[in-house]
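The following exercises concern the geometry of a protein chain. Please attempt each task before reading its solution.

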Amino acid sequence: MKIIIPDDYQDCVRNLEAFKQLEGHDVMVYHDTLTDLDTLSARFQDAEALVLIRERTPITAALLERLPKLKVISQTGGGAAHVDMAACRRHGVTVMAGTGSPYAAAELTWGLVLAAMRHIPAEVENLKAGRWQRTLGTGLKGRTLSIFGYGKIGSLVARYGQAFEMNVLVWGREGTRQRALDAGLEVAESQADLFQRSDVLSLHLRLNDETRGIVTAESLAQMKPTSLLVNTSRSPLVAPGALEQALKAGRPGQAAVDVFDAEPVIENALLALPNLVATPHLGYVEKDNYEFYFGDAFSNLLAYMDGQPINNLAG
């Protein structure tokens, strides 16, 4: 089968142990990202199967119209909101999603918390430039860690906060709040209460129509000038322009983000701000995680080829 794997930024997929599953198949791996419909459809023209790395390339109805040979899409991870399912059904394209793991993303979240609160990136650069101890960091013990969205990743981050002897505060939908109460955690009185009391506020919400832009400029303005906002979930959870405006105003005092509206980032005004720590969407980009995600995606693809029962998301 002709298999195409787009958006392998680091050229790492071919070096995974899981990649051996595809021996004997015609596999093409691309390392750049295309957005133009004409060039993207030309690249995918002969593909019978696509293995997608999370949401890096949207599969639209217009693109599917130009891919007559495409039979199957195997998605790494569990989400496929970037794939037009109705168009896949019309074109008879099978869509399979795998399972995910919360650990790598939760660990990176905590790395960003420590990096921002103790000004680690700035002090690394200071030291390399011959400057000694230019900032005064802030410890975590006794401070309030707020979790907005208590799912698999959020619950792990809450446990990390407890290990650092932080006070954990949770907000989210009714089910989220009940799970937090069952775990013995404090639930905020409201979303506003969550933002007002936070020393560190970490976003762990799924992006959908309900949550898009849920963090408004007004929400951010309620945060302390000493507080930190962390977003390793999805950038559009924050209203357009609101984070840049808030950081310039000093509420919150700083932010640490792993996600952006447009990725890969070519330029972004946020990156020029001194009170921002940023990483290039590294949350799930970790060796064990990639073996898990791609192993699952390749196994699903082989099961499809062998005619075994599969879960076709496109119906």
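Three exercises with worked solutions follow.

The model is predicted: local features need pLDDT of at least 70, side-chain atom pairs count only at pLDDT 80 or more, and totals for chains, interfaces and linings use all residues. Residues are numbered from 1 along each chain as its sequence is written, and side-chain values use heavy atoms, with hydrogens and water left out.

**Exercise 1.** Determine how α4 and α6 pack, and which residues meet.

*Solution.* Step one concerns the elements: helices (H or I, at least four residues) and strands (E, at least two) are DSSP runs, numbered from the N terminus. Step two is the geometry. Helix α4 spans residues 103–117 and helix α6 residues 152–163; their axes are 9 Å apart and form an angle of about 45°. Axes are lines fitted to C-alpha atoms, for helices over the stretch in contact, and angles run from 0 to 180 degrees between N-to-C directions. The two helices are therefore oblique to each other, given that angles under 35 degrees count as roughly parallel, over 145 as roughly antiparallel, 65 to 115 as roughly perpendicular and the rest as oblique. Step three is the contact (heavy atoms within 4.5 Å): Y103, A105, A106, E107, T109 and W110 of α4 meet I153, L156, V157, Y160 and G161 of α6.

**Exercise 2.** Describe the open sheet of seven strands and the helix α6 that lies across β6, β7 and β9.

*Solution.* First, the strand order is β8-β7-β6-β9-β10-β11-β12, with parallel pairing; two strands pair if DSSP finds at least two bridges between them. Next, β8 (186–187) and β12 (276–278) each have a single partner strand, so one side of each edge strand is left without a neighbour in the sheet. Within the sheet, β6 (residues 144–148) and β9 (residues 200–203) are joined by four bridges, and F148 stands opposite L203 in β9. Finally, α6 runs at about 175° to β6.

**Exercise 3.** Characterise the ring pair of W110 and F164, then locate the cis peptide bond that joins R251 and P252.

*Solution.* Begin with the rings: those of Phe, Tyr and Trp (its six-membered ring) pair if their centres lie within 6.5 Å; planes under 30 degrees apart count as stacked, over 60 as edge-to-face and the rest as tilted. The structure holds nine aromatic pairs. One of them, W110 with F164, is tilted, at 5.2 Å centre to centre and 55° between the planes. W110 belongs to α4 and F164 to the loop between α6 and β7, 54 residues apart. Turning to the backbone, the bond from R251 to P252 has an omega of about 0°, and P252 is in the loop between α10 and β11.
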